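Q: Got a minute to walk me through this one? I'd like to get my bearings before I set anything up.

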Protein chains: 2
Amino acid sequence: MRQSKLFTKTKKEAPTDEVSKNAELLIRGGFINKEMAGVYSYLPLGLRVLKNIENIIREEVNAIGGQEIVMTALQNPELWKKTDRFDDEKVDIWFKTKLKNDTELGLGFTHEEPLTNIMKNYISSYRDLPCFVYQFQTKFRNETRAKSGIMRTREFVMKDLYSFSRDEHEHNEFYEKAKIAYKNIFKRVGIGHLTYLTFASGGSFSKFSHEFQTISSTGEDTIYINEENNIAINKEVFTDEIKKDLGLGDNFKETKAVEVGNIFTLGTRFSDVLDLKYQTETGESRPVFMGSYGIGPGRLMGTVVEALSDDKGIIWPESIAPFKVHLLSLSDNEDVKKEANFVYDALIKENIEVLFDDRNDLSPGEKFADADLLGIPFRLVISSRSMKEKGIEIKKRNEEKGKIVSLDELINILKTVS
Amino acid sequence: MRQSKLFTKTKKEAPTDEVSKNAELLIRGGFINKEMAGVYSYLPLGLRVLKNIENIIREEVNAIGGQEIVMTALQNPELWKKTDRFDDEKVDIWFKTKLKNDTELGLGFTHEEPLTNIMKNYISSYRDLPCFVYQFQTKFRNETRAKSGIMRTREFVMKDLYSFSRDEHEHNEFYEKAKIAYKNIFKRVGIGHLTYLTFASGGSFSKFSHEFQTISSTGEDTIYINEENNIAINKEVFTDEIKKDLGLGDNFKETKAVEVGNIFTLGTRFSDVLDLKYQTETGESRPVFMGSYGIGPGRLMGTVVEALSDDKGIIWPESIAPFKVHLLSLSDNEDVKKEANFVYDALIKENIEVLFDDRNDLSPGEKFADADLLGIPFRLVISSRSMKEKGIEIKKRNEEKGKIVSLDELINILKTVS
């Protein structure tokens, strides 16, 4: 895409009311727009990152058998009253609204109730199990404070996956697969090395749940990492008992972290109340055994920005970057422009995603600063100097110095790196 | 995909409270689930159709220069008070909600206000214009009645596109391009032959707006079609004056129709009030000239079902069908099963999207009835009979009789049709 056509522009100044690094960098780069506290729109560059993250999640969830649907935000109170989760005294993050006839509706903050209800149409026999259903859908949560940029917002897309199994044993099989899928996701989006499977408090059906926590100084959680075993324990359950239970010693490192995903054994909490049953092979009627598995792509995007940035801007991992390549035409000299256009066309032909800074009337310094802020993995420069050296300057965002290569070498480099 | 793994199943009975044909067929087929009146979830088959429609729209809107973003449902009342559209007396379809501090928020039914506000960050000079911004985003509309299935709902995804131009002349250029893009969209989703560019009432900045109306007995609008000129006039503006204005005679056919899209000249209605200005080449300050362009992919899906179905079920156009091919293994005989699996693998290898009815314990009649209801364009049958004839039976959904072809012929047919 030609940057001269991109409607967003970078800003030098961070918004004064924005205290989080992720929102500051993302707003300055034109990735997002703040509508109000905790409510952000995604602009073209930001939406590209978000969709890349969603696609990675989708691939991994499809690979373990997930079937994609999309449920609604508007929630029928009758269902939630059955599980005793409609009352604001019981759940304090509801946004509520009303139909014209004054019926109160909720805006979904999660979807166990409506999905369990849908599955009553389709699950009746052991032959219908197990099955795994997920969505990317907009959640609404009436957070009292929302100061962490896109990491804790009042409206956000969530990938929520739900599993339906015959019994705890069958459930555990999928639960372990989900753990691996989640690890793959965090690795692929570039924060695998900072992310720990973390024991957290469970519910009525399991002693613990599992979170995935990414080390971050701005995180709201405190975790204790055990490096030897590559796991962590959330402060809320960090007791001698759990250390013993898990067979861990006393070698823990305390750190701040962000919860980037969680997996939860629900058991029959919802199927009991909402009457989701199946017949076993011997004709017995049993409640379906459930689990839920959540990841917020926006929070993941914010976490990546917090973890992978420097004082000049963002450093996107290739897998989720808005473009792979940022091509800078560094002079208004006609030969340089012509060469830059030639390289742009050549990259497009090779199906390489490139943002082409073809803007006139900007100094090299301004273009470099923009490239650093936007954080696209490979920066290519066409200038009078590079043309004298008969090549193109290529530099990775996280490298200090670039090098001059030929067009063939360039395409080779860009096609071979993952 | 193997149908034995698909969690949804067809139903023989239509829901008793569902009066519209589109919702009846889509619910029976397991495409959608009714959450409450006017609120539907999309299940795997339905989501595939919806995404196919969205992708066609996206391609056509990108082709005329659209840049994709996604704004939020939660709306800041301050903006809407400026344009005098927050008051329920002025706009009677708002869903409203509240923050914990009691601030009232709206749930967006359209997005002129927030986008105009965003563009103030990015438009300052004539060099920034024109630009075209769109989204696929969930709208909330508090409809008094919602009885048309997925054609009029309280929560739905809308593709809303907004244009920002220097003046009316530049605006009109894009407006004409948008007309053509819209015609392409309706043609590609399979209802081009039933859809008319229709003159409807305008706003403060133009005498008329344009709707795209699709002939449908369940439509809420009445239009007058002039076949010679391939245009129509909405009943609400059907006067002698307009007929004369448009140079049309008196040859009109009255019909019921569904509004599947609309394009609207907004002029400076929003830029004036929200202060979206730019500097001309001569340094003059002028309000930006705007337009808006809407299509609801869900309504389009419902319209297709209404228009293209028979008494056995849906007849999806290939371009938006959930799968291209429905492969039926018609017997539990091991040879038939083996052959069906072989054909399935061969089609997958050719990247042909296929739903494989590999379910056991269903009669041929049940499988045929499901195939007709689901409406996938090509039905393939593997049975003892087809194997005796050393081939595969292929039949289009809208054909009476199939024919036996070899695997090579089959792949040839499926690869060459659009």
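**Strands, helices and the dimer contact**

Q: Let's start in the middle of things. What is the bridge partner of A:Asn226 in E12(A)?
A: A:Asn226 has A:Ile231 as its bridge partner in E12(A). Bear in mind that this is a predicted model.

Q: How many bridges are there between E11(A) and E12(A), and in which sense do they pair?
A: There are 4 bridges, and the pairing is antiparallel; E12 is the strand at residues 231-234 of chain A. The pair makes a hairpin with 4 residues in between. In that turn, A:Asn230 has a positive phi of about 60°.

Q: Which strand pairs with E11(A) over 5 bridges?
A: That's E13, residues 253-267 of chain A, again in the antiparallel sense. E11 itself covers residues 221-226. For a landmark, A:Asp221 sits opposite A:Ala257 in E13(A).

Q: OK, zooming out. How many helices and strands does chain A have?
A: Chain A comes to 12 helices and 23 strands. The C-alpha trace spans about 80 × 60 × 45 Å along its principal axes. Of its 418 residues, 47% count as buried.

Q: And what share of the chain A contacts with a separation of 6 or more comes from residues 24 or more positions apart?
A: 68% of them.

Q: Into which domains is chain A divided?
A: Domain 1 runs over 21-310 and domain 2 over 325-416. Their C-alpha centres are 40 Å apart.

Q: Now the two chains. What turn and shift lay chain A on chain B?
A: A turn of 180° with a shift of 0.0 Å along the axis, and the RMSD is 0.0 Å. The two copies are thus related as by a two-fold rotation axis. In chain A, A:Thr97 has the C-alpha nearest that axis, at 2.6 Å.

Q: How many residues does each chain put into the contact?
A: Chain A gives 37 residues and chain B gives 37 residues. On the chain A side, the elements giving two or more residues are strands E1 (32-36), E2 (39-42), E3 (66-68), E5 and E7 (131-140), plus helices H2 and H4 (112-119). By class, that side has 20 nonpolar, 10 polar and 7 charged residues.

Q: Why do you say the copies meet through the same surface?
A: Because 100% of the interface residues of chain A are also interface residues in chain B.

Q: H2 was in that list. How far does H2(A) reach from its first C-alpha to its last?
A: It reaches 28 Å, close to the 28 Å expected at 1.5 Å a residue for its 20 residues, 44-63. Its buried residues include A:Leu45, A:Arg48, A:Ile53, A:Glu60 and A:Val61. After H2(A) comes A:Gly65, with a positive phi near 95°.

Q: E5 was there too. In what order do the strands of its open sheet come?
A: The order is E4-E6-E5 in chain A, 3 strands with antiparallel pairing. E4 (74-75) and E5 (95-98) are the edge strands, each pairing on one side only. E4(A) is joined to E6, residues 104-107, by 2 bridges, and A:Gln75 has A:Gly106 as its partner in E6(A).

Q: Switching to chain B: why call H4(B) largely enclosed?
A: Because 8 of its 8 residues, 112-119, are buried, so H4(B) is largely enclosed by the rest of the structure. Among them are B:Glu112, B:Pro114, B:Asn117 and B:Met119.

Q: What about E10(B), how many of its residues are buried?
A: 7 of the 8, residues 208-215, so this strand is also described as largely enclosed by the rest of the structure. E10(B) pairs antiparallel with E9 (195-201) over 7 bridges, where B:Thr198 has B:Glu211 as its partner. Another 6 bridges join E10(B) to E13 of chain B, also antiparallel, and B:Thr214 stands opposite B:Val258 there.

Q: Last one. Where does B:Pro77 lie?
A: B:Pro77 is in helix H3, residues 77-82 of chain B. B:Pro77 is partly exposed, with 15 other C-beta atoms within 10 Å. Leaving out residues up to four places away in sequence, B:Pro77 touches B:Phe86, B:Glu104, B:Leu105 and B:Gly106. B:Met387, 310 residues away in sequence, is 67 Å from B:Pro77, C-alpha to C-alpha.

Key. Residues are numbered from 1 along each chain as its sequence is written. Chains are lettered from A and ligands numbered from 1 in the order in which they are written. This is a predicted model: local features need pLDDT of at least 70, side-chain atom pairs count only at pLDDT 80 or more; totals for chains, interfaces and linings use all residues. Domain bounds come from an automatic or database domain assignment. Copies are superposed by least squares on the C-alpha atoms of residues with pLDDT of at least 70 in both. Two residues are in contact if their C-beta atoms, placed from the backbone, lie within 7 Å. Two strands pair if DSSP finds at least two bridges between them. The expected span of a helix is 1.5 Å times one less than its number of residues. A residue is buried if 20 or more other C-beta atoms lie within 10 Å of its own, exposed if 12 or fewer, and partly exposed in between; C-beta atoms are placed from the backbone. Ala, Val, Leu, Ile, Met, Phe, Trp, Tyr, Cys and Pro count as nonpolar, Asp, Glu, Lys and Arg as charged, and the others, Gly among them, as polar.
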